[in-house]
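Here's a quick tour of a structure, written for someone who likes cut-offs spelled out. Have a look at the sequence and model, then read on.

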Amino acid sequence: MSQKIEKTETEWQKELDPLQHHVLRQHGTERPFSSPLNNEKRTGLFRCAGCGEPLFDSKTKYESGSGWPSFWAPLEQAVETMTDTSHGMVRTEVTCAKCGGHLGHVFPDGPRPTGERYCMNGAALKFEEKK
Ligand SMILES: [Zn+2]
């Protein structure tokens, strides 16, 4: 497994735009249907907006109707999950394994083959088209 990235809050603030910083470093959530990545249907990789690690393949992206980019599986060992009990709900938080940035949550109501729905903030991702 690759080495984790550690940066100070000031460094992150300098590198990220305000929405990226809010989502990745402060566990924020972008408004639904606000990310241009919702409608991204090209073939390619979705990378972490914080550290650039590849997190999701476009093959696993699907339209969930939730208003956030959704995937049924992450790339192997790309993300970490933990229980999140904030906002009076029990959810599973998804973070980037490399930089610890908050990406979104995973829910057990996704399509086959995994049955999982990785509900991601578009602001936490960067799309790179594969040509
Ligand atoms: Zn990252």
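Arg42 and Glu129 join their side chains in a salt bridge, with N and O 3.0 Å apart. The term covers a side-chain nitrogen of Lys or Arg within 4 Å of a carboxyl oxygen of Asp or Glu. Bear in mind that this is a predicted model, where local features need pLDDT of at least 70 and side-chain atom pairs count only at pLDDT 80 or more, while totals for chains, interfaces and linings use all residues. Residues are numbered from 1 along each chain as its sequence is written, and side-chain values use heavy atoms, with hydrogens and water left out.

Back to that pair: Arg42 sits in the loop between α2 (18–26) and β1, Glu129 belongs to strand β9 (residues 125–129), and 87 residues separate the two. Helices and strands here are DSSP runs numbered from the N terminus (H or I, at least four residues, for helices; E, at least two, for strands). Arg42 is partly exposed at 42% relative accessible area, and Glu129 is partly exposed too, at 33%. For these labels, buried means under 20% relative accessible area, exposed means over 50%, and partly exposed is in between (1.4 Å probe, protein chains only). Glu40 joins Arg42 and Glu129 in a network of salt bridges.

How many salt bridges does the rule give? The count is nine. Three of them, including the one above, are tabulated here.

| Salt bridge | Closest N to O distance |
|---|---|
| Arg42–Glu129 | 3.0 Å |
| Lys98–Glu53 | 3.8 Å |
| Lys59–Asp57 | 3.8 Å |

Lys98 is in the loop between β6 and β7 (102–107) and Glu53 in the loop between β1 and β2 (54–57), so their salt bridge ties together parts 45 residues apart in sequence. Glu53 is partly exposed, with 27% relative accessible area. In the Lys59–Asp57 pair, Lys59 counts as exposed at 66% relative accessibility, whereas Asp57 counts as buried at 11%.

Now for the strands. Two strands pair if DSSP finds at least two bridges between them. β1 runs antiparallel to β9 over five bridges, and Arg47 has Lys126 in β9 as its bridge partner. β1 also pairs with β2, again in the antiparallel sense, over three bridges; there, Leu45 is matched with Asp57. β1 and β2 make a hairpin with five residues between them, and Gly52 in the turn has a positive phi of about 85 degrees. Four of the five residues of β1 are buried, so this strand is largely enclosed by the rest of the structure.

On to the metal. Which residues hold the zinc ion? The protein donors are Cys48, Cys51, Cys96 and Cys99, each through SG, at 2.3 to 2.4 Å. Donors are N, O and S atoms within 2.8 Å of the metal (3.2 Å for Na, K and Ca), and water is not among the atoms, so sites may look incomplete. The angles between the four donor atoms at zinc come to 103 to 114 degrees, which makes the arrangement tetrahedral; four donors earn that label if all angles lie between 85 and 135 degrees. The ideal angle for four tetrahedral donors is 109.5 degrees.

Along the sequence, the donor spacing reads C-x2-C-x44-C-x2-C. Cys48 in strand β1 (residues 44–48) and Cys96 in strand β6 (residues 91–96) are 48 residues apart, so the site links distant parts of the chain. Cys48 counts as buried at 1% relative accessibility, and Cys96 is buried at 1% as well.

Conventions: Four donors count as tetrahedral if all angles lie between 85 and 135 degrees; four count as square planar and six as octahedral if opposite donors are over 155 degrees apart and all others between 65 and 115; anything else is irregular.
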